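Me: I'd like a close look at one spot in this model, and then a walk from there to the rest of it. Could you keep it friendly and explain the terms as you go?

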Amino acid sequence: ENYPKPVLDCLMTSLSTHDTMRILTVMSKPPQNLSKDEKSKYVIPNIDEAKSRLKLCAFLQFMLPGGAAIYYGDEAGLSGFEDPFNRRYFPWNNIDEDILNFYKKISEIKNEHSEFKTGRIMFEFCSQKAVVFKRYTENSSFSVAASCDDDPFYIELNKREVLFSHNCTVQNEKIILFKNGFVILKN
C-alpha cells in the first residue's frame with residue numbers, strides 16, 4: 001500500500017524463480033536437510049495437497065495487484081529444489097493438465113477484467129488463514145476470498161454471482177470455503 005498505484009500495477013509477482021525452490025516443491029513441505037542426491041530423486045508424496053496449495057498461491061498471485069510472472073514449467077507442474085533442480089527442462093511429455101488448465105483460467109480472468117489488471121484494491125477481512133478483498137474500478141467490482149484454514153470459512157453470497165471458485169460450495173445463501181478454497185464474486 002506504500003507503492004504508488006502505477007508502480008503497484010506493474011510489479012512483477014512470482015512464486016518461483018531460477019533462484020528459489022519451485023512452488024510445487026515448497027507447497028509439498030519437503031523434509032529439511034536432504035542431500036543433493038536425495039533432492040535429485042525426490043518425488044512429492046502428497047502431490048494432491050501440494051497442488052491444492054499451489055492453486056491457492058497462484059490464485060492470489062493473479063488476483064492481487066501486479067503482473068503475475070510464471071517461472072517456466074510451474075504452469076505444467078514442474079517441481080524441484082534450488083539450483084540446479086529448479087532448472088530442469090520443460091516437461092513437454094509430462095504436462096500436468098489440471099495445473100495447466102488452472103493457470104489458463106486464472107490468466108484468462110486477469111486478462112479479461114480490468115479490475116484485476118489496474119483496478120484498486122480494498123481489504124475487507126484479513127487473518128492468518130483467510131483473506132477477503134475487493135478489486136474494483138469506478139464501474140464495477142469483484143470480491144475475492146481465499147482460505148487455507150482447516151475449518152470452513154463462510155461468506156455471505158448477497159445475490160452476487162460466482163465467477164470462479166475452487167474447494168467451496170454454496171449453501172443457504174452462504175459460500176463455504178474449505179481448506180485451500182477460493183472464490184471470485186461479481187458484485
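Reply: Let's begin with a bit of vocabulary: helices (H or I, at least four residues) and strands (E, at least two) are DSSP runs, and they are numbered from the N terminus. With that in hand, our spot is Lys 39, which lies in helix H3. Before we zoom in, keep in mind that this is a predicted model, where local features need pLDDT of at least 70, side-chain atom pairs count only at pLDDT 80 or more, and totals for chains, interfaces and linings use all residues. Residues are numbered from 1 along each chain as its sequence is written, and side-chain values use heavy atoms, with hydrogens and water left out.

Is Lys 39 buried or exposed? Its relative accessible area is 17%, so Lys 39 is buried; the label means under 20%, while exposed means over 50% and partly exposed is in between (1.4 Å probe, protein chains only). What does Lys 39 touch, not counting residues up to four places away in sequence? The list is Leu 34, Phe 81, Glu 82, Phe 85 and Arg 88, where contact means heavy atoms within 4.5 Å. Glu 82 sits 43 residues away from Lys 39 in sequence, yet their C-alpha atoms are 9.1 Å apart in space.

Now look around that neighbourhood. Asp 83 and Pro 84 are joined by a cis peptide bond, with omega about 15°. Pro 84 belongs to the loop between strand S2 (67-69) and helix H5 (97-112). On the other side of our story, the loop between helix H2 (23-27) and helix H3 (36-41) holds Asn 33. Asn 33 isn't a glycine, but its phi is positive, at about 60°. With 79% relative accessibility, Asn 33 counts as exposed. Asn 158 is another non-glycine residue with a positive phi, near 50°. You'll find Asn 158 in the loop between S6 and strand S7 (161-171), and its relative accessible area of 54% makes it exposed.

Next stop: a lysine over a ring. Lys 186 lies over the face of Phe 142, 4.8 Å from the ring centre. The rule here is that a charge sits over a ring if NZ of Lys or CZ of Arg is within 6 Å of the ring centre and within 35 degrees of the ring normal. Arg 22 does this as well, with its charged end over the ring of Tyr 72, 4.9 Å from the centre. Phe 142 is part of strand S5 (residues 141-147), and Phe 142 is buried, with a relative accessible area of 1%. Leaving aside neighbours within four places in sequence, Phe 142 is in contact with residues including His 113, Phe 133, Leu 163 and Lys 186. The C-alpha atoms of Phe 142 and Arg 160 are separated by 9.2 Å, though they are 18 residues apart along the chain.

What about rings beside rings? The whole structure has 12 aromatic pairs; rings of Phe, Tyr and Trp (its six-membered ring) pair if their centres lie within 6.5 Å, with planes under 30 degrees apart counted as stacked, over 60 as edge-to-face and the rest as tilted. For Phe 125 and Phe 153, the ring centres are 5.5 Å apart and the planes are at 35°, so this pair is tilted. It links distant parts of the chain, with Phe 125 in strand S3 (residues 120-126) and Phe 153 in strand S6 (residues 153-156), 28 residues apart. Phe 125 is partly exposed at 36% relative accessible area, whereas Phe 153 is buried at 15%. Elsewhere, one aromatic cluster is formed by Phe 59, Phe 62, Phe 102, Tyr 103, Phe 164 and Phe 182.

Finally, step back. The protein chain has six helices and eight strands, in the order α-β-α-α-α-β-α-α-β-β-β-β-β-β along the sequence. Buried residues, like our Lys 39, make up 41% of the 187 residues. Of the contacts between residues at least 6 apart in sequence, 57% join residues at least 24 apart.
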